[in-house]
Amino acid sequence: MSETDKIHLSVDLVSAARRNIRFLRTVNECQCLHERAVIIEAIRRYDEVWMPLIADLTVEGSTPPLVLPPFDVEWVWFCHTLNPVGYNKYCESRFSKLIGKPAIFDEENEEYALMRCKQIWVQRYSSEPFENEVESDSQDPPLVNEDLFNGVQNHKFLYSKFSEPYLCELVYLIAARQRYRGFLYMMQRFGDGCLRFVPPLDILLMLLTHQSYPAVYVEDLKDMWDYMGKIVGIWETLKEKEVEETKKLWEITFDQPYEKAGGGIAMEFDKVIMAKPPIYWEVSDVDVNTKYKSMIPRFLLEVCVFARLNTRMKATKGDGKHKFLRLRIVRCHRELKLEKSFSNCLNDSWQKAWHMYSEFGTRGLMIELRDRGGHYLKGSKLLNSMAFYWNDLLRAPSITLTRETDQVRIVASITPPVQAPYLLKCVPDKVTDDSGAMISDVILKLNNYRPQKGRWLSRTVLDHAGRECFVIRIRVGGGFWRRGAETPSAVSWEDRIIEIHEGSWSYVAGSIGRAPVQRKW
């Protein structure tokens, strides 16, 4: 057993994190829950009804009772637990014991816990409605707990930090839990000498999830409780010195880069950073497209590549002035070549070489070690190459793989592939007739030289992999067109027709074909 595996975590952080992300998504979508009057009323209900109720049901030393409060109260409770010191003081001062939260991760048990809570609530507080009935535009009621109100307001946009859909993937969360254990182990080793620890996104998710179960959090971390206050909070401004110090300690402990794909740190210092994903993710548990079978889902993953010179290369830095790293894709995009000079890797710490998004269909990436050979020579010579396949990375611990030569070490990490927005493009194609056949001598011959009637401008819609998904046709002319005979008749705007045919062309000879049969809805 490794040292990190000895870090005991009493709650299933993987299941808990998935539930918390779903919960935060619902909070984010519930606009009324962000209104001042509704929040103030929720805090009053939390302080005067829920906490006394759960305190009476809680027996010290036993598991928390299987009850869950109304949604608005649960949101206040969640925000309160993210301030462990303040929450502990609150519980001790009011109830002389720490109030824990039940570990409920499936919808069936959630529904049972909510109904059980409602029964007890109505029985004990018959004059207090179970749901928050305050209107969002009503006059603000008196503020019961200003510190708690400020805490809830601070976490208003918490979901924006964890909105990427891959965060709910099982393989990602398992890797995040393992790295969280490593983070706690690092704090145990260096807690006395380090002033502040800056957690990356994946570790931060596990930390907040752990904190949201306060009794478990206190029990698991009682031996390092004094160090936990050194962690930079989620809304605190970052200091470059603190980030670099945390990275250095991680590299000393594990000889691995601190950041990874899906586990980065917002590197704008001295201000609070809101997450800005480079791609618009429409989060959905299922494929929203159930209508068009010709459209195949597109999957994206985040890729992060770090490089570090081996000891021998550091001792002979002059030998590497003509050497560089080149990134290429295993499948598709053959012309893509991203290069990084060795001069960027001469630092003693891991250097981020590339950070990008990739289609899962590209299969993986190749890192090549090349030498330009000299100042007057064109091109470069391949010295070595390392392959990182997406399927191999998904099976690797922490979704990370290390490859090395005698000169350089490369660490690549990815996020689990998740469905991304459909990517379509429309390209011009040949003119077609009323039947959907392309205007061509080939079609004319197949029709026993009967003239092709009508003229339609045609466009082919391609997906991200270049597959034909739809054919769009616009009627612009009518009548028979014969060479040297009848002249075309233009179609007026009122008589123009636009047809969308699902599927690909049916080719009869080379690039000549017919549009797919139009689907009847």
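User: Before we start, what counts as buried in this predicted model?

Analyst: In this predicted model, a residue is called buried when its relative accessible area is under 20%.

User: What makes α8 largely enclosed by the rest of the structure?

Analyst: Helix α8 has 11 residues and 11 of the 11 are buried, so the helix is largely enclosed by the rest of the structure. Among these buried residues are Leu205, Leu208 and Thr209, and those three residues also appear in the lining of the largest cavity.

User: How do you know which helices line the largest cavity?

Analyst: A residue counts as lining when it has an atom within 4 Å of a cavity point, and for the largest cavity this gives Asn20, Leu24, Phe78, Leu158, Phe162, Leu205, Leu208 and Thr209. Both α1 (13-29) and α8 (201-211) supply at least two of the lining residues, with the largest share, 3 residues, coming from α8. The space in the largest cavity is about 40 Å³, and its lining is made up of 6 nonpolar, 2 polar and no charged residues.

User: What makes the lining of the second largest cavity 5 nonpolar, 2 polar and 1 charged by class?

Analyst: The lining residues are Leu24, Val27, Asn28, Trp75, His155, Lys156, Leu158 and Tyr159. Lys counts as charged, while Leu, Val, Trp and Tyr count as nonpolar, and the resulting tally is 5 nonpolar, 2 polar and 1 charged. The volume of this second largest cavity is about 30 Å³, and α1 gives the largest share of its lining, 3 residues.

User: Why is the pair of phenylalanine 23 and tryptophan 75 called tilted?

Analyst: The whole structure holds 16 aromatic pairs. For phenylalanine 23 and tryptophan 75 the ring centres are 6.3 Å apart, which lies within the 6.5 Å limit for a pair, and the planes stand at 50°, neither under 30 nor over 60 degrees, so the pair is tilted. Phenylalanine 23 belongs to helix α1 and tryptophan 75 to helix α3 (residues 71-81), so this pair ties together parts that are 52 residues apart in sequence. Both phenylalanine 23 and tryptophan 75 are buried, and ring pairs link Phe23, Phe71, Trp75 and Phe78 into a cluster.

User: How do you know that tryptophan 250 is buried?

Analyst: Tryptophan 250 has a relative accessible area of 5%, and the cut-off for buried is under 20%, so tryptophan 250 is buried.

User: What makes arginine 372 a residue that lies over the face of phenylalanine 324?

Analyst: Arginine 372 is placed at 4.0 Å from the ring centre of phenylalanine 324, where the distance limit is within 6 Å. Arginine 473 likewise lies over the face of tryptophan 456, at 4.2 Å from the ring centre.

How values were computed. Residues numbered from 1 in each chain as written. Predicted model: local features only at pLDDT ≥ 70, side-chain atom pairs only at ≥ 80, totals over all residues. Heavy atoms only, no water. 1 Å grid on protein atoms, 1.4 Å probe; cavity = no way out; pocket = protein on both sides within 12 Å on 5 of 7 lines; lining within 4 Å. Points joined across faces, edges and corners; volume = space filled by probe spheres on them. Helix = DSSP H or I, 4+ residues; strand = E, 2+ residues; numbered from the N terminus. Buried < 20%, exposed > 50% of the residue type's maximum accessible area, 1.4 Å probe, protein only. Phe/Tyr/Trp six-rings, centres within 6.5 Å; stacked < 30°, edge-to-face > 60°. Lys NZ or Arg CZ within 6 Å of the ring centre and 35° of its normal.
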